[in-house]
Structures are given as structure tokens and as C-alpha cells.
Number of protein chains: 2
Amino acid sequence: MAQTRKTSLQPRARASQKAGSAQPTLQDVAAAAGVSTATVSRCLNSPEQVTARTRERVLSVVRELGYAPNFGARALAAKRTNTIGAIIPTMENAIFARGLQAFQEELAEHGLTMLVASSSYRPDLEEEQIRTLLARGADALLLIGFDRPASVYAHLEQRGTPYVIAWSQKEDPRHIAVGFDNYTAMRALADRVFNHGHKDVAIISAPQADNDRARDRVRAVLDSAADRGLEPQDIRVIETPYSIENGASAMDELMSAKPRPTAVFCGNDVLAVGALGRASEIGLSVPDDVSVTGFDDIEIARIVRPALTTVHVPHRDMGRQAAQAIAALLKGETAAHGLPLATTIMERASLGPVPKASS
Amino acid sequence: MAQTRKTSLQPRARASQKAGSAQPTLQDVAAAAGVSTATVSRCLNSPEQVTARTRERVLSVVRELGYAPNFGARALAAKRTNTIGAIIPTMENAIFARGLQAFQEELAEHGLTMLVASSSYRPDLEEEQIRTLLARGADALLLIGFDRPASVYAHLEQRGTPYVIAWSQKEDPRHIAVGFDNYTAMRALADRVFNHGHKDVAIISAPQADNDRARDRVRAVLDSAADRGLEPQDIRVIETPYSIENGASAMDELMSAKPRPTAVFCGNDVLAVGALGRASEIGLSVPDDVSVTGFDDIEIARIVRPALTTVHVPHRDMGRQAAQAIAALLKGETAAHGLPLATTIMERASLGPVPKASS
DNA sequence: AGAATATTTGTAAGCGCTTACATTTATCTC
DNA sequence: GAGATAAATGTAAGCGCTTACAAATATTCT
């Protein structure tokens with residue numbers, strides 16, 4: 001508190017010519033504190049290398065001048081930005097929001113900042129976003145899912161940029177991933193549905209190209225069906241981008257087929273909510289006429305009526321662990337390939353037995 | 001295509017010592033193209049200043065080497081980052097997602113990149129995020145709502161950092177804002193509700209402190225009531241952070257009061273959806289026993305049953321216009337204070353007349 | 001054609017910070 | 001307490017880019 005008031009206002013005018021409006025620089029702080037810029041820098045970046053006495057003096061000047069390091073200069077000199085880029089397929093719904101929030105919170109614990117970009121589920125846009133984030137100096141990246149051109153991985157490899165894949169997990173030693181096994185998760189749900197006796201089922205999936213999560217989920221349903229002696233090729237699969245509206249349209253299409261499926265698997269909760277809504281709009285009761293399932297267990301799944309049977313994904317855990325993996329990678333530790341996270345089936349009202357009147 | 005292959009691989013090794021892994025620099029490009037770094041820089045930043053011939057040669061080398069400018073260096077030298085910081089209260093639900101997406105898209109049109117941060121509706125966190133974004137070199141900011149400490153505005157002013165306020169609009173010449181008038185919007189909805197004959201109403205609002213949008217919305221309801229000779233002080237206002245769960249709890253509380261309100265205004269759709277769900281859980285029918293309204297018209301409002309009566313906010317327009325305003329500001333144009341955007345009432349099934357059996 | 005002007009390109013000085021290395025100062029060791 | 005060792009601080013060289021300004025080249029005018 002009782003600081004050297006007099007010196008506190010001089011340095012700014014000295015080093016920066018542009019009158020009062022310019023930000024104070026390291027120089028200014030150094031001059032005001034009577035030390036070298038190196039010492040100030042050390043106070044900020046590795047305080048343990050500086051005597052408590054000088055450190056306190058310097059830091060008080062820092063506060064007094066309202067000094068904040070210039071990001072660009074720091075990045076340039078240190079070749080490090082403490083920034084992690086995250087590229088998610090979409091920000092328009094809640095699918096990734098919760099996980100990302102946790103990711104960010106955990107990054108903050110490690111002194112890292114998150115930069116988000118969204119790819120709109122388009123591989124070309126994702127590649128562009130990766131470039132953008134790297135150009136902005138991202139030290140590492142969070143990517144969703146495995147599917148992307150080999151050239152992208154090669155580029156990352158060649159630059160030596162660490163990355164972590166989330167929302168998916170499989171036996172691929174080439175990448176480090178934090179996620180769950182989409183196949184296993186969906187398989188558990190499919191088994192549950194078939195146990196209810198359903199024989200005519202259909203799938204509303206996101207486009208499977210470039211999306212390993214979507215593919216795994218579809219495959220799980222087909223495999224489960226095959227195991228029960230059903231013909232997988234009889235199962236109708238509609239591919240459509242994730243949106244409530246698209247879920248509704250797909251449902252329309254499915255419900256006008258005959259025999260009408262008695263259960264519809266949706267690639268995620270957003271599609272499922274659309275399907276659910278449309279079913280009621282066209283006078284079908286869920287689950288009395290048709291069962292519907294989702295994937296992700298976002299908030300809305302509990303809210304819709306009937307509540308949605310879905311696969312619960314531990315979003316927050318996933319985000320947090322992804323951040324930890326990145327922090328470890330950045331420290332040079334060879335982050336071990338973790339185990340897949342566990343998902344659980346949330347059986348709610350939208351899943352029921354096969355309708356009696358069914359063909 | 002038929003480029004000078006031989007020179008293309010040398011420069012990298014020349015200027016950057018760290019073997020092959022380092023990124024090519026402007027130097028490398030300049031050397032390979034046989035021009036000065038200034039010319040390369042101009043090709044990238046103001047191509048019209050360079051002959052078509054040299055420009056093409058340089059750009060082809062850029063492509064060949066896979067050169068990408070270093071963000072830090074550029075920021076440092078140009079004192080400009082082409083980065084806009086956006087601080088939104090939350091990423092956990094869809095309220096801001098759509099507007100932000102449009103904001104980003106429009107920024108991209110102007111060659112600007114968006115950096116998001118979220119404040120969790122906490123003023124202290126917002127202030128911190130502002131600092132962080134500015135330290136990262138944000139050239140301008142997007143802020144939500146007017147309410148924040150004067151010191152924050154002073155700081156922005158003093159730094160000369162342009163900012164635009166969104167999601168709110170009022171007669172305040174000190175700030176430039178792109179948004180709608182929350183009071184007017186909610187007033188229209190309230191008038192509509194009272195026209196249905198409701199006399200006992202209640203409000204579930206976000207905490208009003210530090211949130212001018214929430215305050216305006218509450219005030220609109222109270223004023224509308226007063227205009228009809230109702231006693232505003234009889235109107236119960238529950239304040240609780242925006243979340244489905246909180247909306248549900250608040251509804252519990254309101255529904256156990258007597259006389260029970262016949263209509264509940266919610267500060268946004270998220271609270272309303274919670275309220276709606278809880279109503280049905282405790283055996284009340286909406287709108288036969290109680291009407292419920294929301295605000296924002298996010299996707300979920302159309303999906304829930306009964307569908308939610310709410311105020312439609314032109315999120316995408318708002319995001320787009322905010323981006324345009326910022327681009328204008330950055331060009332030095334004195335972006336005119338635009339007119340407030342129009343909102344519309346979406347009357348859906350959740351609003352009905354006063355129940356007959358009502359007290 | 002030659003001077004005057006406009007256009008294109010080059011030169012080089014930083015932008016604000018980090019960090020290897022050199023120097024100074026404090027702390028041990030016997 | 002002298003010499004050796006460890007800790008704290010200072011010196012200064014960049015990091016990769018932009019941009020005044022200078023120099024070179026092309027264009028126009030009389």
C-alpha cells in the first residue's frame with residue numbers, strides 16, 4: 001500500500017511515446033521497479049527464481065501500472081502460447097457444450113486457455129479451422145472423433161503439435177484419445193431394445209462418411225440385430241445431418257413405410273427429439289405405437305414427453321480428462337492411453353415393448 | 001505448376017536451424033521467390049500494391065512451402081490481431097449459440113476471427129475474461145447487455161478498444177448496441193397474457209442484479225399489470241439462475257402458494273421448460289391449470305409439449321449486425337446507433353385463458 | 001525525348017517479450 | 001576467512017513480422 005507513489009506515473013510517458021493511451025510495457029515496469037526486464041519477466045513466469053524481496057517490489061509495480069503482458073510478443077519470444085485449440089462439429093446445440101465447458105475449466109487449472117472453432121461437421125472446414133488455430137499459435141488441439149484425412153494427421157505430426165481426440169475411443173495406438181467406445185455404447189442400447197422384442201427397427205443416423213462415431217453406432221445396431229437372427233439389410237438407415245427438423249422429416253419417412261418399424265434408433269438426442277415430436281404430430285403414440293431412442297443424454301432428453309431412452313455419455317468427465325491429457329502432453333509426459341469411459345443406458349418412457357397390433 | 005522446383009526446398013534449411021520440423025518464415029518465402037520480405041508481406045496483406053506477376057510468383061512459393069504467417073509476430077508488428085473477443089454469459093444452453101454462430105460467420109466475411117469466453121453470468125468472471133481477451137490482443141469486444149461496473153467501461157475507453165453490446169438496446173448514447181428492447185418485448189407478451197384475463201400471475205426471473213435484460217423483463221410485466229389496475233407488489237418474483245432444474249424448483253414453490261397463480265412468466269425459455277416439466281410432474285395441466293411463458297424462442301420452445309408461448313428474438317440477425325457494427329468500428333467508421341431489432345410474440349399452446357375453477 | 005510523376009520494390013528499424021550466457025552477490029565448506 | 005559453489009540479477013540477442021522511407025522502375029505529359 002505505502003508504495004513509492006512518485007515514480008509510479010513516470011515510466012509510461014518515458015518509454016511509450018503515444019501519450020497516455022498506450023499500455024505499459026515490461027520496460028516500463030522494469031524501469032519503475034529499478035530492475036532489468038529479465039527480472040520482471042522472471043517474476044511473472046518463474047517467480048521461484050527471484051528473491052521474495054524483489055519479487056514483491058516488482059509485482060506491486062505491475063499492479064500499480066496495470067501491466068499486462070503483450071500476448072503477441074510473448075508468443076513470439078517464447079514460441080509458446082498456452083493456448084489450446086478445440087474444434088467441435090457444432091455449437092448450435094448442447095451436445096458438446098457441457099464437455100467443452102469442463103474441458104475449459106480444467107485447462108484453466110493448468111494455466112491454459114481454450115480457443116474454440118466449429119466445423120459444422122464438414123471435414124474441409126475442420127481442416128481450415130485446424131490451420132487457423134495453429135496459425136494463431138495453438139500449442140495443442142482437441143479434436144472430435146478419429147475420422148479425418150491422413151494428411152491432417154501427417155501435418156500435425158510433422159509440426160510436432162500434440163492433439164487429443166475426444167468423443168471416441170478405440171484401439172488405435174497412433175492417436176491418444178479420451179472418450180467412450182461408440183460401438184459398445186450403442187450395442188448395449190440395441191441389445192436392450194431388441195430384448196423388448198422389437199423385430200422391425202430403423203435407424204436415423206448422421207451421415208456416416210467422415211464420422212466414425214456415427215458409423216460405429218449404426219454398426220452396433222446392425223450387429224445386435226444380426227446376432228438375433230434378424231437380417232441387417234432389412235434395417236432401414238436414413239442419413240441426415242443432426243437437427244431436430246431433420247429428425248422429424250426422417251421420422252415422417254419411416255412412419256409411412258410398411259411394415260412400419262416398431263422402434264427407431266436415432267444417432268443422437270437431437271434427431272430423437274425431432275422424431276419424437278413428429279410422431280406425436282402425426283398421431284402416433286410413443287412408445288405405444290413406436291419406440292424411439294437417442295444418444296448422448298443431453299438435458300432435453302429428460303424434458304421431452306415421453307422422456308427419451310438414450311445412452312448417457314459422461315461429458316464432463318470426458319472434457320476434464322481430455323484437458324488433463326493435453327496438459328500432460330504439453331509437459332512432455334507421454335500421456336498413457338486411458339481406458340474408454342463408461343456409458344450407461346438411461347431407459348425412459350420412450351422405449352416400450354412391441355405394439356400388440358404390430359404386423 | 002511448372003515452378004522452380006530446385007529452389008523450393010533450400011530456404012527452409014537455410015533460415016531455420018532446427019532441421020526440417022520448423023515452419024517456414026517470411027524470410028524463407030522471400031528468399032525462394034527472390035524478393036524482399038516486404039514484398040511478400042504486401043502480397044499477403046495488400047496484394048493490390050504488388051504487380052500481378054510478382055504476386056503470383058510469391059503466392060505460388062507460399063503455397064509450395066506451406067507458409068503460414070506467425071500470429072504472434074504479426075500481432076506484435078502490426079499492433080492488430082483481427083481477432084474479436086466475445087464474452088457470453090453461458091455456453092451451456094442454446095440461448096447464445098445461434099446468435100454467436102451468425103456473429104462468427106459475419107466476422108469471417110470481414111476477415112476477422114472470433115474468440116469466445118463465457119462468464120457464467122458472473123460480473124467478476126466477466127471482468128477477468130475481458131482482461132484475458134484484451135491481453136490476447138482482441139481488437140474489439142462483443143459484450144452481452146449493458147450492466148457492468150463503470151470501471152470496465154472506463155478501462156475499455158482508456159485503451160481505446162471498441163466494443164459492441166448485444167442482446168439489449170436502449171437509449172444510451174454512450175454505448176453502441178445491437179439488440180432489442182427487452183422491456184418492450186416483454187411488455188408485448190405481458191399485455192397478451194393479461195388480455196387472456198389472468199389476474200394472479202408470477203414471475204420466475206434470473207437474478208436481476210447486474211442483469212439489465214432480466215430487470216427490464218420483470219419491470220415490463222409489473223408495469224403491464226399496473227396498467228390494468230393490478231397491484232404489482234402482489235406479483236411474486238422468484239429469482240434463480242437460468243437452468244431447467246431451477247425453473248422446475250421455482251415452479252414447485254409457486255404452485256404451492258395460494259391463491260395459485262394462473263400464469264407464470266419465465267425470464268427465458270430454459271426456466272420455462274423447467275417450469276413446464278414440473279407442472280406436469282405435479283399433475284397440473286398447462287394451460288388448463290396454469291399458463292407458462294418463456295423468452296428467446298430457442299429450438300426447444302417448439303419441441304416441448306405443450307409448445308411454449310414465448311418472445312421470438314432474431315438471434316441470427318442480431319449476431320450478424322453486431323459483427324457488422326464491429327467491422328465498421330474497426331474501419332474507423334462511427335457505426336451509427338442502429339434501431340432496436342423487432343421481436344415477435346410466438347403464441348403457442350402453453351398460454352391459455354384463466355382456468356374456470358380459479359379462485 | 002526528357003522531365004515529371006506514379007508505381008513497384010527494397011532497406012531496415014522496431015514491435016514487447018524470453019532466455020542463454022555473463023556477471024554480480026550471497027552462502028557454504030573446511 | 002579464503003576459496004569454491006550456489007543463487008540472483010543483468011546484458012543483449014533474437015523471435016517473425018509490418019511499415020516508414022528510400023531507391024528503382026514504369027508511365028505519362030509536353
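Me: Which helices of chain A and chain B supply at least two residues each of the surface near DNA strand C?

Reply: They are H3 and H5 of chain A together with H4 and H6 of chain B. Helices here are DSSP runs (H or I, at least four residues), numbered from the N terminus. The model is predicted: local features need pLDDT of at least 70 and side-chain atom pairs count only at pLDDT 80 or more, whereas totals for chains, interfaces and linings use all residues. Residues are numbered from 1 along each chain as its sequence is written, chains are lettered from A and ligands numbered from 1 in the order in which they are written, and side-chain values use heavy atoms, with hydrogens and water left out.

Me: What makes a residue count as near DNA strand C, and which residues come nearest?

Reply: A residue is near a strand if one of its heavy atoms lies within 4 Å of it. Around DNA strand C there are 25 such residues, and Leu26(A), Ser41(A), Tyr67(A), Thr39(B) and Thr51(B) come nearest. Sugar or phosphate holds 68% of the atoms of DNA strand C within 4 Å of the protein, and bases hold the rest.

Me: Why is the pair formed by Ser41(A) and DNA strand C called a polar contact?

Reply: A polar contact is a pair of N or O atoms within 3.5 Å (within protein, one must be able to donate a hydrogen and the other to accept it, and residues adjacent in sequence count only if both atoms are side-chain atoms). A polar side-chain atom of Ser41(A) lies 2.7 Å from a phosphate oxygen of DNA strand C, so the pair meets the definition. For the side chain of Asn45(A), the distance to a phosphate oxygen of this strand is 2.9 Å. A polar backbone atom of Ala73(A) is 3.3 Å from a base nitrogen of DNA strand C.

Me: How do you know that Arg42(A) makes a polar contact with a base of DNA strand D?

Reply: An N or O atom in the side chain of Arg42(A) is 2.8 Å from a base nitrogen of DNA strand D, and the limit is therefore satisfied. Phosphate oxygens of DNA strand D are approached by Ser41(B), at 2.7 Å, and by Tyr67(B), at 2.3 Å.

Me: What are the classes of the residues near DNA strand D?

Reply: The surface has 12 nonpolar, nine polar and five charged residues. Ala, Val, Leu, Ile, Met, Phe, Trp, Tyr, Cys and Pro count as nonpolar, Asp, Glu, Lys and Arg as charged, and the others, Gly among them, as polar.
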